[in-house]
Amino acid sequence: MNGLAERRAALRAWVADRVGAVADDAPLIAEGRIDSLQLVELVLFLEELTGRRPRVEQLVPGAFRDIDTISRRFLEDSANKEATE
């Protein structure tokens, strides 16, 4: 997947498949929508989606708060790296 918009749509679809449709700013972990096993699946999905392993410094509390935060931390960062390569 190339564009940021396509990746973000894929992220939304991944979340919707597991918890139903939610707003991009809806808390995923704090409200129990995603559990610890799904969080591991999400990290693997992000790796597949971006073609890169998440950096350790990205995997901090709050990094998976909601779709907006995940997009900023993982998808936009990946898109920026691709643009400079």
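The expected span of a helix is 1.5 Å times one less than its number of residues. Keep that rule handy, and remember that what you're looking at is a predicted model.

Let's try the rule on helix H1, which covers residues 4-19. With 16 residues at 1.5 Å a residue, H1 should span 22 Å, and its end C-alpha atoms are indeed 22 Å apart, so the expectation and the model agree. Now look down the axis of H1: its buried residues fall within an arc of 160°, so they line one face of the helix. Who are they? The buried set in H1 is made up of Arg 7, Arg 8, Ala 10, Leu 11, Trp 14 and Val 15. Swing around to the other side of H1 and you'll find Ala 5 and Asp 17 exposed. Just past the end of H1 sits Gly 20, with a positive phi of about 90°.

Time to zoom out. The protein has three helices and zero strands, so reading from the N terminus you get α-α-α. Buried residues account for 35% of its 85 residues. Its accessible surface is about 5,100 Å², and carbon and sulfur atoms own 52% of that. As for contacts with a separation of 6 or more, 61% are between residues 24 or more positions apart.

What do the helices put into the middle? The largest nonpolar core has 17 residues, and the members touching the most other members are Leu 11, Leu 42, Leu 46, Phe 64 and Ile 70. H1, helix H2 (36-50) and H3 each chip in at least two residues, with H2 giving the most, five residues. Phe 64 is a good one to click on: setting aside neighbours within four places in sequence, its contacts are Leu 28, Ile 29, Leu 39, Leu 42, Val 43, Leu 46, Leu 59, Ile 70 and Phe 74.

Finally, let's visit Ser 71, which belongs to helix H3 (residues 67-84). Is Ser 71 buried or exposed? A residue is called buried when its relative accessible area is under 20%. Ser 71 has 0% relative accessibility, so it counts as buried. Its side chain makes a polar contact with the side chain of Arg 8, at 2.9 Å. And you've met Arg 8 already, as one of the buried residues of H1. Not counting residues up to four places away in sequence, Ser 71 touches Leu 4, Arg 8, Leu 11 and Glu 76. Leu 11 is a familiar name too, being among the core members that touch the most others.

Note on methods: Residues are numbered from 1 along each chain as its sequence is written. This is a predicted model: local features need pLDDT of at least 70, side-chain atom pairs count only at pLDDT 80 or more; totals for chains, interfaces and linings use all residues. Side-chain values use heavy atoms; hydrogens and water are left out. Helices (H or I, at least four residues) and strands (E, at least two) are DSSP runs, numbered from the N terminus. Buried means under 20% relative accessible area, exposed over 50%, partly exposed in between (1.4 Å probe, protein chains only). A polar contact is a pair of N or O atoms within 3.5 Å; within protein, one must be able to donate a hydrogen and the other to accept it, and residues adjacent in sequence count only if both atoms are side-chain atoms. Contact means heavy atoms within 4.5 Å. Accessible areas come from the Shrake-Rupley method with a 1.4 Å probe; for residues, only the protein chains shown count as cover. The arc is that of the directions from the helix axis to the C-beta atoms. A nonpolar core is a set of buried Ala, Val, Leu, Ile, Met, Phe, Trp, Tyr and Cys residues joined through side-chain atoms within 4.5 Å.
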